[in-house]
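Hi there,

Here is the structure I promised to send over. Please open it alongside this message, and then read on for what I found in it.

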Amino acid sequence: MRESDFNVGKFFAFLFVLILFLFMLSPLFEEGDGAKIDKNLSDIKNRVSYFHSLKSVKEIERILSDNNDFSKYREITDSAKTVIFGESKDLENGTANLVTSIVLDYRGFDTLGELIVLFISILGLTIILSTLSFAKFEEPSFLQITGVKFVTPFMILVGIYIFLHGHLSPGGGFPAGAIIATATLFSLIGCKFNYRVSNLKFIESNAGFFVILLATLGLYFTGSFFGNYLPTGIVGKLYSSSLILIIYSLVGLKVGAELSVGIKTLYNGEKDDDR
Amino acid sequence: MNYNLPVLLIAIPILFSFLSLILGSFNKILSKIILISVIIFNIISGICIYNSVLKNGNILTVIGNYLPPFGINLISTYTSISFLILLYIVFLVASLIFVSKNDDRADKISSVLLLYLASSTGILLTGDIFNLFVFIEIFSISNIILISIKDKKLSIKGSLKYLIITSIGASLYLFGIGFLYGILGTLNLSEISLNFDNISYFSKVFIFLFFLGSIMAELEVFPFNFWISDSYAGSKNYVNILLSGLSSIVALYIFIRLFLTVFGYPTFISFSYSLPFNVKTLFLTIFGLSVIVNELAALSSKNVKRILGFSSASSLSLILLSLSTGLKNGVMAAMLIAISVIISKPLLFLSSHQIMKGKGEKNLNSFIDGFRRNPLFSILFIIGVFTLVGFPLTPSFWGKFLLFISATEKISYTTLILVIVVFSITIELFYYFRLMHKLFIKDENIKVEKTKNNFVYIFSGILLASIIIFFSVKPYFTQNIVEKTTEDIFDKSGYIKSCLKSGEIDDR
Amino acid sequence: MMIDNRTLYIYSFIIFLIGIYGAITNRNLIKILVSLSIIETALNIFLVSTGYINGSNPPILHSGMKLISPNSINISDPLPHALVLTAIVIGVGTTAIGIGLTIKLYNHYKTLNVNRMGDKDEL
């Protein structure tokens with residue numbers, strides 16, 4: 001049954017999309033009063049992330065607490081505050097990568113949710129595919145076996161490097177986990193390395209457990225969930241912002257194990273698991 | 001005051017969901033015990049928070065030691081905490097039923113259920129718009145998994161439809177968030193609601209419509225309601241209870257927070273919107289159409305679960321219809337109908353499952369002679385139907401009565417609301433009475449065997465029925481709760497003040 | 001080269017609408033999932049471009065770099081980057097579940113076409 005190239009449904013879909021496009025363009029080209037989305041953003045001074053970047057939220061909070069009005073924080077922009085790489089120390093968090101400071105400190109709760117989304121979707125994958133078995137892939141060739149044996153240890157090393165330097169350079173736990181999972185995928189299709197899903201599940205749930213435990217310990221030490229209770233050190237050093245370092249390492253392990261479970265499940269179902 | 005109990009309502013289920021997977025690999029019973037004990041913990045701490053909210057007003061919980069506009073925060077208001085307790089009761093019933101069944105994937109499913117609990121709590125408590133998005137995603141993914149565990153064609157199809165709809169909805173929501181952040185530079189719900197009026201004309205329309213589209217995708221509302229039929233008919237009993245009870249609470253709460261607190265401006269008697277088009281007409285059109293379409297779909301179905309699913313969607317739309325009138329009476333009516341729907345829908349699913357037990361096909365005819373087979377659950381079914389339809393003295397009756405009164409206040413919509421409500425009641429009565437009539441048809445040729453009821457089913461059925469009866473025979477208690485909730489919904493400046501310490505909004 | 005944010009927004013809208021068109025018109029489940037991924041990519045571009053400042057540095061401190069308020073702060077907004085990180089992971093999760101369900105449906109029906117997945121006794 002071949003469908004013709006032009007049909008009414010596609011035409012109406014195109015029309016709908018066109019109208020939607022015009023509608024979406026309207027806020028970009030409007031003229032009139034009121035706040036608009038920036039045509040050409042020049043600085044971030046009237047956003048919350050301005051204070052996040054300068055690591056000066058605590059100070060602003062102190063100023064605002066005096067007149068007890070947290071909605072007027074935009075008017076305070078002249079507080080002299082400097083963050084210098086390699087010199088500033090004992091700030092709120094010692095990350096040189098400002099994105100990491102937002103991901104794991106200022107908005108750590110979102111990251112927790114993100115971890116859970118990944119966890120629950122891989123769990124769901126194993127639930128959904130638990131009764132299926134798949135056709136096997138063909139035998140790997142000599143070239144594949146050699147190449148995989150050469151490349152895989154380096155990939156795992158790079159993964160570990162990336163999650164250990166998550167607070168200094170781009171990367172962090174999630175990309176590192178993806179790299180580690182790619183290494184396991186290579187070893188799975190390259191040299192039939194048959195890891196057991198239950199072991200990886202154990203690593204995964206333990207890492208998740210410890211992440212939440214570390215976050216909950218903040219309740220005891222700082223009086224607030226996800227509060228930072230370890231020393232932050234000097235910005236730019238490897239041993240700065242210890243809590244973020246530990247949590248990102250756990251996240252890296254967790255994501256690596258999780259994605260490996262997902263790959264194994266999609267590769268041959270949970271049947272081969274001898275549990 | 002930094003009050004940390006609310007965050008434990010989210011953290012403890014997450015913690016134990018990991019633990020349930022670890023311990024469940026040794027023994028499946030352990031994960032079931034963990035599930036039940038976590039829910040009991042949540043109920044007890046929920047009641048503690050309820051008491052302190054009654055005493056002190058809204059409670060702010062700071063996460064990460066950074067105060068609201070800078071970090072993420074949770075706000076426990078009267079509305080959220082009373083919805084939460086209702087949600088936990090429904091969840092307790094569903095998980096008791098889950099526990100009573102044997103399943104070799106019990107450790108994984110109980111872990112999913114715990115995350116479901118955590119995410120629905122998070123949706124109800126969070127004060128940050130992006131955090132709300134994250135929790136909605138967890139919620140919808142766990143819904144997808146729970147629908148698909150029955151492993152039939154229908155359930156897989158239903159969950160895939162749900163996935164496609166919710167991911168399009170989520171993308172619309174994220175576009176709205178991007179626009180809000182690009183314009184206002186903040187993600188805090190209170191600050192957005194404080195500054196929403198300052199946004200320019202077209203941006204406001206854009207943000208509003210994108211959020212509306214995304215929420216409609218989650219809300220079982222008319223153009224997006226086609227996933228209901230498969231996912232209700234193809235899923236297990238406890239999943240039906242969760243879908244009909246919990247999803248409506250969560251959807252209702254998201255609607256209240258976004259479209260009444262953030263985008264709306266409360267005055268003494270009604271909500272108003274500072275948008276260039278008439279928002280109420282839009283809402284009334286969408287939800288009115290949704291009520292009618294869902295009722296007609298329920299009328300034309302043969303499968304009992306499908307009938308109940310469409311009926312729950314239509315009653316959710318009716319609640320939203322009365323909420324979106326924006327009048328004080330309308331909001332009160334919505335709360336009254338919500339109480340009765342949230343409790344009676346699980347009861348209906350439970351009892352219809354027990355009545356049809358042992359019958360191969362789950363269609364209308366499997367109800368025949370149900371009263372002689374299973375008298376207890378037939379009575380519970382009838383109680384549920386009377387509560388849902390609005391038999392006098394039930395909360396739903398008072399709710400529909402108030403809706404009629406509120407319709408008289410607003411001249412332009414009077415006839416429309418009246419027509420929709422009367423239409424929905426008539427059709428509901430028709431198809432429920434058809435089912436109830438089938439219960440008492442005697443088939444003399446076949447010897448009737450009494451169904452053996454599991455203790456858990458009897459316990460949860462009687463629990464739900466007694467809650468309904470309690471709400472019906474204590475009208476002043478119900479009225480007290482509903483009035484407080486309505487007051488809380490209308491108290492926008494109180495919500496902002498509890499988060500940002502100040503922030504007056506101009507009453508218009 | 002000067003690129004203003006509005007251009008980036010429009011590009012992301014176009015990619016988004018391509019995704020929407022694909023999700024509406026396609027009948028193949030894998031293609032629908034691909035369209036959903038396209039929508040997610042568009043969203044990520046949009047979110048990142050809300051924090052893009054022309055000619056600014058990436059929000060990562062390196063040796064010799066200083067942030068001095070209020071004037072010498074020349075970095076792009078780090079918060080949308082964090083949001084995008086979350087959005088990407090959520091997208092991965094949804095896609096994984098979608099692929100799992102699609103495999104399952106293919107096992108039942110032996111086809112990926114949505115139109116041929118109907119059953120007679122639906123109602």
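Below are my notes, going from chain A to the contacts between chains and then to chain B.

First, a word on what you are looking at: this is a predicted model. For chain A the mean pLDDT is 82, with 92% of the residues at 70 or more. Within that chain, helix α6 (residues 142-164) has the highest confidence, with a mean of 90, while α3(A) has the lowest, at 79. As a general reminder, predicted coordinates should not be read in detail where pLDDT is low.

Chain A has two assigned domains: domain 1 covers 54-83 and domain 2 covers 98-268. Measuring tape aside, how far apart are the centres of domain 1 and domain 2 of chain A? Taken over C-alpha atoms, the separation is 36 Å.

Now to the contacts. Where chain A meets chain B, 56 residues of chain A and 60 residues of chain B take part. On the chain A side, the elements that give two or more residues are α1 (8-29), α3 (57-67), α4 (98-106), α5 (108-128) and α8 (197-221). Which of the elements gives the most to this side? It is α5(A), with 14 residues. By class, the side of chain A that touches chain B has 22 nonpolar, 22 polar and twelve charged residues. Note that α3(A), the element of lowest confidence in chain A, is among the contributors to this side.

Chain B also touches chain C, through 25 residues of chain B and 24 residues of chain C. Two helices of chain B, α5 (129-148) and α6 (153-184), each supply at least two residues to the chain B side. The largest share comes from α6(B), which gives 15 residues. That side of chain B divides into twelve nonpolar, nine polar and four charged residues.

Turning to chain B as a whole, the model has 20 helices and four strands there. The C-alpha atoms fill a box of roughly 75 × 60 × 40 Å along the principal axes. The radius of gyration of chain B is 22 Å, which agrees with a compact globule, because a globule of 508 residues would have a value near 23 Å. Of the 508 residues in chain B, 67% are buried. Looking at contacts in chain B between residues at least 6 apart in sequence, 78% join residues at least 24 apart.

Two residues of chain B are good places to zoom in. Start with G370(B), in helix α14 (residues 370-373). Is G370(B) buried or exposed? G370(B) is buried, because 27 other C-beta atoms lie within 10 Å. Leaving aside neighbours within four places in sequence, G370(B) is in contact with I355(B), S378(B) and L439(B). The C-alpha atoms of G370(B) and M356(B) are 7.7 Å apart, and the two residues are 14 apart in sequence.

The other one is P392(B), which lies in the loop between α15 (375-389) and α16 (395-409) of chain B. P392(B) counts as exposed, because there are 9 C-beta neighbours inside 10 Å. Along the chain, P392(B) and S472(B) are 80 residues apart, and their C-alpha atoms are separated by 9.1 Å.

Happy browsing, and do write back with any questions.

Best wishes

How values were computed
Residues numbered from 1 in each chain as written. Chains lettered and ligands numbered in written order. Predicted model: local features only at pLDDT ≥ 70, side-chain atom pairs only at ≥ 80, totals over all residues. Domains from an automatic or database assignment. Contact = placed C-beta atoms within 7 Å. Nonpolar A, V, L, I, M, F, W, Y, C, P; charged D, E, K, R; others polar. Rg over C-alpha atoms; globule rule 2.2 N^0.38 Å. Buried ≥ 20, exposed ≤ 12 C-beta atoms within 10 Å, placed from the backbone. pLDDT = per-residue confidence, 0-100.
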